[in-house]
Number of protein chains: 2
Amino acid sequence: MKIDVCFSPALYPFYQNNEAVVVVVDIFRATTTICAALVNGARKIIPVASTDEAREYKSKGYLVGAERNVKRCDFADFGNSPFDYTPDHVAGKEIVFTTTNGTQAIQAASSAHALVIGAFVNLTSVVQFCTEEKRDVVILCSGWNNKFNLEDSIFAGALIEQLLESKFEIVSDAAIAAWLLWKQSKHHPLHVLEKSEHYQRLKSNEILDQINFCLSIDLVMGLPILKEGALVLI
Amino acid sequence: MKIDVCFSPALYPFYQNNEAVVVVVDIFRATTTICAALVNGARKIIPVASTDEAREYKSKGYLVGAERNVKRCDFADFGNSPFDYTPDHVAGKEIVFTTTNGTQAIQAASSAHALVIGAFVNLTSVVQFCTEEKRDVVILCSGWNNKFNLEDSIFAGALIEQLLESKFEIVSDAAIAAWLLWKQSKHHPLHVLEKSEHYQRLKSNEILDQINFCLSIDLVMGLPILKEGALVLI
């Protein structure tokens, strides 16, 4: 089985493989937050690409998580912090969710054989699923406004390192690069990420406390998967 | 002055900065070959994106270099090997040139304040120009069919390392990643690149002899720049 990495939703047409498992990644913070919300009891998360759609769901009475450019949208119940989605707020609920980058990536890859949500917080669950599926894997990094970002790429490298222990092989330059970046940062990811664009954005919005959570490996066991347009836990 | 890196022509709209110097890179082999042809005496190189355009120029009597998927197009005088463009063939001539990736990248960035051609073979000339221009620099990697590639990214890192010695600063995650990849490969670039997609392509076409040339630093002094639709030496 082959592993590939796509560094931007805008490049996905060149990496598309509808027979593959696509792992969508947005470490800061959408895919981390989706894991937190579902593990905290949300019944399903309905990803939508635009704030207009999210607003429409809100008017129909849905709980809505919505973020643009790091900030919670004013009409929304939650933003994009994993700390917003506590069990008392989300248990048993359906939540509509839109973010600057992550939900666009989910939409881009929605025709994949299986679309799952990956983050450091559920790394082992992702590895287990990919290993059991025995299919090619495409890791789709959400990036930032279609640009390359470091944190998603480094996570791709971490996932590659694990998959190479099973019968996966690297087939692309992007996968080699992600693996090299992970090797260079794994012992001190924050040391590399402190210089990154999104770290600076989170810092200027005074929400650095979420970074440690987003970089913690295997805080949760559980894998969000896209089923009939909604993310649910396997 | 800021340095940014764009890993694919398809991502250029998200990195576009028309006030910047854009350095177009296609190490294997278009930008290496353009340097070789001009330093060997070609008067100008007219980059065109499609083989149809190149064929039309050919019918008007132009010398034509044309390559697709590593191979020379059958109607062309030259392929994409730097060894094709010897002084006895090119001195004083205008050459129309189209390749799988490099000439697409040139077209994507043709509205930049200045578009120059960068490769390991003319690294110092690129650094000198950027330093004298005192403008932002965007390094545009040609990639392979709009996908990320290693050799162009590693070159971007090598150029960044040099520019950081002047008053340039890194502003983006892509530039940090390119720099990290260069740091990891600079002592043995071939060791990293042996696993790359394009190395394998060149190997299967039995043209590995060109790789050492393409990875040699400062074989030539000279900088191709786009002027009125054609590349000429500064």
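With 19 C-beta neighbours inside 10 Å, Asn146(A) counts as partly exposed. The structure in which this residue sits is a predicted model, and the values below are computed from it. Asn146(A) belongs to the loop that runs between β8 (137-141) and α7 of chain A. Its phi is near 75°, which is a positive value in a residue other than glycine.

**Residues with positive phi**

Asn146(A) can be set beside further residues with positive phi. In chain B, Asn69(B) has a phi near 50° and is likewise not a glycine. Asn69(B) occupies the loop between β4 (63-68) and β5 (71-72) of chain B. With 10 other C-beta atoms within 10 Å, Asn69(B) is exposed, because the limit for that class is 12 or fewer. The table lists these residues together with two others.

| Residue | Phi | Location |
|---|---|---|
| Asn146(A) | near 75° | loop between β8 (137-141) and α7 of chain A |
| Asn69(B) | near 50° | loop between β4 (63-68) and β5 (71-72) of chain B |
| Lys134(A) | about 55° | just after α6(A) |
| Glu228(B) | about 50° | turn of the hairpin of β10(B) and β11(B) |

**Helix α6 of chain A**

Lys134(A), with its positive phi, comes just after α6(A). Within this helix, which spans residues 123-133, the buried residues are Leu123(A), Ser125(A), Val126(A), Val127(A) and Cys130(A). An α-helix has 3.6 residues a turn, so residues three or four places apart point the same way. The buried residues of α6(A) pack against four elements of chain A, namely β2, β7 (114-118), β8 and α7.

**Strands and hairpin of chain B**

In chain B, β2(B) and β7(B) run parallel and are joined by 5 bridges. One bridge pairs Val23(B) with Val116(B) of β7(B). Strand β7 of chain B covers residues 114-118, and 4 of its 5 residues are buried, so the strand is largely enclosed by the rest of the structure.

A second pairing in chain B is antiparallel: β10(B) and strand β11 (residues 230-233) are connected over 4 bridges. The two strands form a hairpin with 2 residues between them, and Glu228(B) lies in the turn. Leu226(B) has Leu231(B) of β11(B) as its bridge partner. In a regular strand the side chains alternate between the two faces of the sheet. In β10(B), residues 224-227, the covered face carries Pro224(B) and Leu226(B), while Ile225(B) and Lys227(B) are on the uncovered face.

**Cis peptide bonds**

Each chain contains a cis peptide bond between Phe28 and Arg29. In chain A, the bond joins Phe28(A) and Arg29(A) with an omega of about 10°, and Arg29(A) lies in the loop between β2 (21-25) and α2 (30-39). In chain B, the bond from Phe28(B) to Arg29(B) has an omega near 10°. Arg29(B) is in the loop between β2 (21-25) and α2 (30-39) of chain B.

**Relation and contact of the two chains**

Two copies of a chain are related by a rotation about an axis and a shift along it. Here, a turn of 180° with a shift of 0.0 Å along the axis lays chain A on chain B, with an RMSD of 0.0 Å. That is the relation of a two-fold axis.

In the interface, 24 residues of chain A are in contact with 24 residues of chain B. On the side of chain A that touches chain B, the elements giving two or more residues are α1 (12-15), α7 (150-163) and α8 (173-185). The element that gives the most is α8(A), with 7 residues. By class, this side of chain A has 12 nonpolar, 8 polar and 4 charged residues. The copies meet through the same surface, because 100% of the interface residues of chain A are also interface residues in chain B.

The axes of α8(A) and α8(B) come within 10 Å and cross at roughly 80°. This angle makes α8(A) roughly perpendicular to α8(B). From α8(A), the contact is made by Ala177(A), Leu180(A), Leu181(A) and Gln184(A), and from α8(B) by Ala177(B), Leu180(B), Leu181(B) and Gln184(B). This contact comprises 6 nonpolar and 2 polar residues, with no charged residues.

**A position in helix α4 of chain B**

His89(B) is part of helix α4 (residues 87-90) of chain B. With 16 other C-beta atoms within 10 Å, this histidine is partly exposed. His89(B) and His187(B) are 98 residues apart along the chain, and their C-alpha atoms are separated by 35 Å.

Technical notes
Residues numbered from 1 in each chain as written. Chains lettered and ligands numbered in written order. Predicted model: local features only at pLDDT ≥ 70, side-chain atom pairs only at ≥ 80, totals over all residues. Contact = placed C-beta atoms within 7 Å. Nonpolar A, V, L, I, M, F, W, Y, C, P; charged D, E, K, R; others polar. Buried ≥ 20, exposed ≤ 12 C-beta atoms within 10 Å, placed from the backbone. Pairing = 2+ DSSP bridges. Least-squares fit on C-alpha atoms with pLDDT ≥ 70 in both. Axes fitted to C-alpha atoms, helices over the stretch in contact; angles between N-to-C directions. Parallel < 35°, antiparallel > 145°, perpendicular 65-115°, else oblique.
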